[in-house]
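Here is a short note to read beside the model. Please keep the coordinates open while going through the points.

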Amino acid sequence: MTIQDDQSSVDPGTITVTGAGWAEAAPDLMLVSIGVECSAASVTAAYAAAGRELDAVGSALHGRGVAPADIRTAGLGVRADLSWRDGEGQKLVGYVASGSLSVRLRDIAGASHTVSEAVQAAGDSVRLNNLQLVLSDDSAVRTQARDAAWQDALRSAGHYAALASASLGRVVSVVEQHPVPGPVPLAGLQRASAHDGPSIEPGVNRVEATVTVTWELHP
């Protein structure tokens, strides 16, 4: 928590403090990035293999009840697979095609099984890039955080006013800081093929608020 009393930056007869607050809530949405990577001797074969594996992942997700609107193709690509060989230099050994899906899982309790089935569907070609647990709507918890920040600022201002043998008057200005809250990431797995993967513990997400308030200071 950071509190500031910067009377030098405002007109005499005022007091400015910064209050901080936070609130927590359990996440209700998981964002998953899952993809495939397939190697073959030709571009066509690599691309076709990646398409089949990505379709298998999508089918597994649909089979677990994930809505079509919650599955989005996030990337497709093909690159040359080059290898360095002594005496020969760099040689083309084939092609690698990749694709990924961005998925929203709304059933947190069943998310671990959903991810495991999607991973199993593509076998060793699957890439589980990232998992993030977020709040689908943080408006209520953000309001709680703002309330806590305001009360923190008010307590601090009242304390300073008492030390100065003064009292608080009307509010002159209110400026809310806007930190960029990030989702809570889970460790990404580059390769996975087991049907039963690690369990997922959702924990809680913290939303923070910071407000700078200026009051008139009355003798």
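The points below cover ring contacts, one strand pairing and one helix.

1. The status of the model comes first. This is a predicted model.

2. Aromatic pairs. A search of the whole structure finds 1 aromatic pair. Trp150 and Trp215 form it, with 5.8 Å centre to centre and 55 degrees between the planes. The geometry is tilted. Trp150 belongs to helix 3 (residues 139-163) and Trp215 to strand 8 (residues 205-218), so the contact ties together parts that are 65 residues apart in sequence.

3. Are the two rings' residues buried or exposed? Trp215 is buried, at a relative accessible area of 3%. Trp150 is partly exposed, at 28%.

4. Strand pairing. Strand 8 runs antiparallel to strand 1, and the two pair over 12 bridges. Trp215 turns up again here: in strand 8, it is the bridge partner of Ile15. Of the 12 residues of strand 1 (residues 14-25), 9 are buried, so this strand is largely enclosed by the rest of the structure.

5. A charge over a ring. Arg206 lies over the face of Trp22. The distance from the ring centre is 3.7 Å.

6. Helix 1. How far apart should the ends of its 21 residues (43-63) be? At 1.5 Å a residue, the expected span is 30 Å. The end C-alpha atoms are 30 Å apart, which agrees. Just after helix 1, Gly65 takes a positive phi of about 90 degrees.

7. Burial of helix 1. Its buried residues include Ala46, Leu54, Val57 and Leu61. Among the elements covering the buried residues are strand 2 (29-40), strand 3 (71-85), strand 4 (89-105) and helix 2 (111-122).

Technical notes: Residues are numbered from 1 along each chain as its sequence is written. This is a predicted model: local features need pLDDT of at least 70, side-chain atom pairs count only at pLDDT 80 or more; totals for chains, interfaces and linings use all residues. Side-chain values use heavy atoms; hydrogens and water are left out. Rings of Phe, Tyr and Trp (its six-membered ring) pair if their centres lie within 6.5 Å; planes under 30 degrees apart count as stacked, over 60 as edge-to-face and the rest as tilted. Helices (H or I, at least four residues) and strands (E, at least two) are DSSP runs, numbered from the N terminus. Buried means under 20% relative accessible area, exposed over 50%, partly exposed in between (1.4 Å probe, protein chains only). A charge sits over a ring if NZ of Lys or CZ of Arg is within 6 Å of the ring centre and within 35 degrees of the ring normal. Two strands pair if DSSP finds at least two bridges between them. The expected span of a helix is 1.5 Å times one less than its number of residues. Contact means heavy atoms within 4.5 Å.
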